[in-house]
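Here is a friendly walk through one structure, written for someone who likes to look at coordinates with a question in mind. Please have your viewer ready.

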Amino acid sequence: MATVRIQDTLSGELRELTPREDGHVGIYACGPTVYGRIHVGNARPYVVFSLLKRFLEHEGLDVTLVVNITDVNDKIYDAARPLGISSAELADEMVAHYRTDTDRLGLGRPDAEPLASETIEGIVALIAELIDRGHAYEVDGDVYFRVRSDPNYGSLSRRAIDEMNQGEGVEGSERKDDPLDFALWKAHKEGEDSVWFAPWGRGRPGWHIECSAMAEQLLGVGFQIHGGGNDLVFPHHENEAAQTRMARDAELAEIWMHNGMLQFGEEKMAKSVGNVAPLHDVLDDVGRNALIMLFAGAHYRQPMAFDDMRLMEALGRVARVRDAARSLVDGESPPDMRPQRDAFFAALADDFNTARAVGAMFEWIREANRRDAPVGRADLVEMLSVLGLENLAESASEAGAEEQELLEQRQAARAAGDYAQADRLRDELRRRGWEVRDGPVGPKLVALDP
Ligand SMILES: [Zn+2]
């Protein structure tokens, strides 16, 4: 395999990925809190880490990707109350939506998707260990982590210890020994409709502890890559790191990898563009190919503008790949086009630079378009597979006989002036995934993005 380097937030440097001896790589990425439908911004880490897994598997590694689901949280209690349903019902419903919405990305599921509500035993055991070691303390049924007991606290987010605000507001502040401390366990409060039992009383886990417990259970301590959005560096990841460091005398992960946020523009044409852009609306508007092309077109660490112009550009790039793929033939690609293919994979090995990789792929396509002799599609399929876009190069993208028949019927209806029937046939073709495009040599069928 190629040497793969990833920018590590903890050291601030590019670090070489070192798989375990058996070639295994564990990746843990923080997933959504399920109080509503997920936002297109939540889809970015889902896509980044799913594609990273594809790339590492391409390099011959055996990858386990864990993405947790936070189904116990203040936001869920608050969202369920006005709806008159239990927090567990709301969470179940939103977990189902999350699965359906992310399934539509067509990148497969993570290998494990642990729920906080199913990890309570591990969470309670980890908190008990922290109390035993003097790194946590119980007050009136709450348990707090003693931040100043970790000499390395702040090393991930690199801020001075006095410039840290746990964002827990006034809640419990008079019970904490130090305002820097954060909650590991919260005693049951009126209005909360779920409760678990722990040696220090009835209540529920805090947010940060669930990830330390889940990651350890599924990947072991000291796994290769911990990921998530860069909005999680502090306090969430700083706290995860501290909990595991103090309970296990070991670092939770070797490399901390963070993706940049999406930035939403002002102008708005597609219904999905705007400050609240649910993933399912974006997929309705432009399809999964364009969204993945959009994400892959930017370096994962950079903030990314999300607006109509970028979406249209991504749709254009998808169409260019499809058009180019139509003129390719099955089989191996010319050896003298290998440098473009190699540049694609070299870019991914260099801090997973999908933006540069996509550039190299389009270089390959430009070169293929220049050639008179038929060009084999193998290299393009190999590159597209890592991006989850191999469907763009499938030779089976020609419409079937039935669709061609429908197209002919539509032309006949138009010729006869029966435009209502022509429109019905066009809609039927759309339902089957084909768009009628009128060109200089008559209409043709173009595959719609799923
Ligand atoms: Zn987490």
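How many of the 16 residues of α6 are buried? Helix α6 is mostly covered, with 15 of them buried. Please keep in mind while reading that this is a predicted model.

**Around helix α6**

Helix α6 spans residues 233-248. Proline 235 is part of this helix, and the peptide bond that joins it to phenylalanine 234 is cis, with an omega of about 0 degrees. Just after α6 comes aspartate 249, whose phi is positive at about 55 degrees.

A salt bridge to look at here is the one between arginine 245 and glutamate 251, where the closest N and O atoms are 2.7 Å apart. The two partners differ in their exposure: arginine 245 has a relative accessible area of 6% and is buried, whereas glutamate 251, at 31%, counts as partly exposed.

**The zinc site**

Which residues donate to the zinc ion? The protein donors are Cys30 through SG, Cys211 through SG, His236 through NE2 and Glu240 through OE, and they lie 2.0 to 2.5 Å from the ion. Along the chain these donor residues follow the spacing C-x180-C-x24-H-x3-E. Glutamate 240 sits in α6, while cysteine 30 belongs to the loop between β3 (24-29) and α1 (40-58), so this pair ties together parts that are 210 residues apart in sequence.

Why is the site classed as irregular? The angles among the four donor atoms run from 76 to 128 degrees, and a tetrahedral site would need all angles to lie between 85 and 135 degrees, so the lower end of the range rules that label out. For reference, the ideal angle for four tetrahedral donors is 109.5 degrees.

Are cysteine 30 and glutamate 240 buried or exposed? Cysteine 30 counts as buried because its relative accessibility is 10%, under the 20% limit. Glutamate 240 is buried as well, with a relative accessible area of 0%.

**Pocket and cavities**

The largest pocket holds about 1,100 Å³ of space. It is lined by 46 residues, and those closest to its centre are Gly31, Thr33, Lys75, Trp207 and Leu232. Helix α1 gives the most to this lining, with seven residues. By type, the pocket lining divides into 20 nonpolar, 17 polar and nine charged residues.

The structure also has two cavities of 30 Å³ or more. About 60 Å³ of space lies in the largest of these. Its lining is made of Arg44, Val47, Val48, Leu51, Phe295, Ala296, Ala298, Tyr300, Phe352 and Thr354. Both α1 and α7 (279-296) supply at least two of the lining residues, and α1 gives the most, with four. In this cavity lining there are eight nonpolar residues, one polar and one charged.

**Two aspartates with positive phi**

Where do aspartate 140 and aspartate 351 lie? Aspartate 140 is in the loop between β5 (136-139) and β6 (142-145), and aspartate 351 is in the loop between α9 (338-349) and α10 (354-370). Neither is a glycine, yet phi is positive in each case, at about 50 degrees for aspartate 140 and about 55 degrees for aspartate 351. Their surroundings contrast: aspartate 140 is exposed, with a relative accessible area of 63%, whereas aspartate 351 is buried, at 3%.

**Salt bridges**

How many salt bridges does the structure hold? There are 42. Side chains of opposite charge can pair when their charged atoms come close. Asp74, Lys186, Lys189, Glu192 and Arg204 are linked in a network of such bridges. Two other pairs are set out below.

| Acidic partner | Basic partner | N to O distance |
|---|---|---|
| Aspartate 103 | Arginine 109 | 2.9 Å |
| Glutamate 129 | Arginine 133 | 2.7 Å |

In the pair with aspartate 103, that residue counts as partly exposed at 42% relative accessibility, and arginine 109 is partly exposed at 27%. In the pair with glutamate 129, the glutamate is partly exposed at 26%, and arginine 133 is partly exposed at 34%.

Note on methods. Residues numbered from 1 in each chain as written. Predicted model: local features only at pLDDT ≥ 70, side-chain atom pairs only at ≥ 80, totals over all residues. Heavy atoms only, no water. Donors = N, O, S within 2.8 Å, 3.2 Å for Na, K, Ca; no water. Tetrahedral: all angles 85-135°; square planar, octahedral: opposite > 155°, others 65-115°. Buried < 20%, exposed > 50% of the residue type's maximum accessible area, 1.4 Å probe, protein only. 1 Å grid on protein atoms, 1.4 Å probe; cavity = no way out; pocket = protein on both sides within 12 Å on 5 of 7 lines; lining within 4 Å. Points joined across faces, edges and corners; volume = space filled by probe spheres on them. Nonpolar A, V, L, I, M, F, W, Y, C, P; charged D, E, K, R; others polar. Salt bridge = Lys/Arg side-chain N within 4 Å of Asp/Glu carboxyl O.
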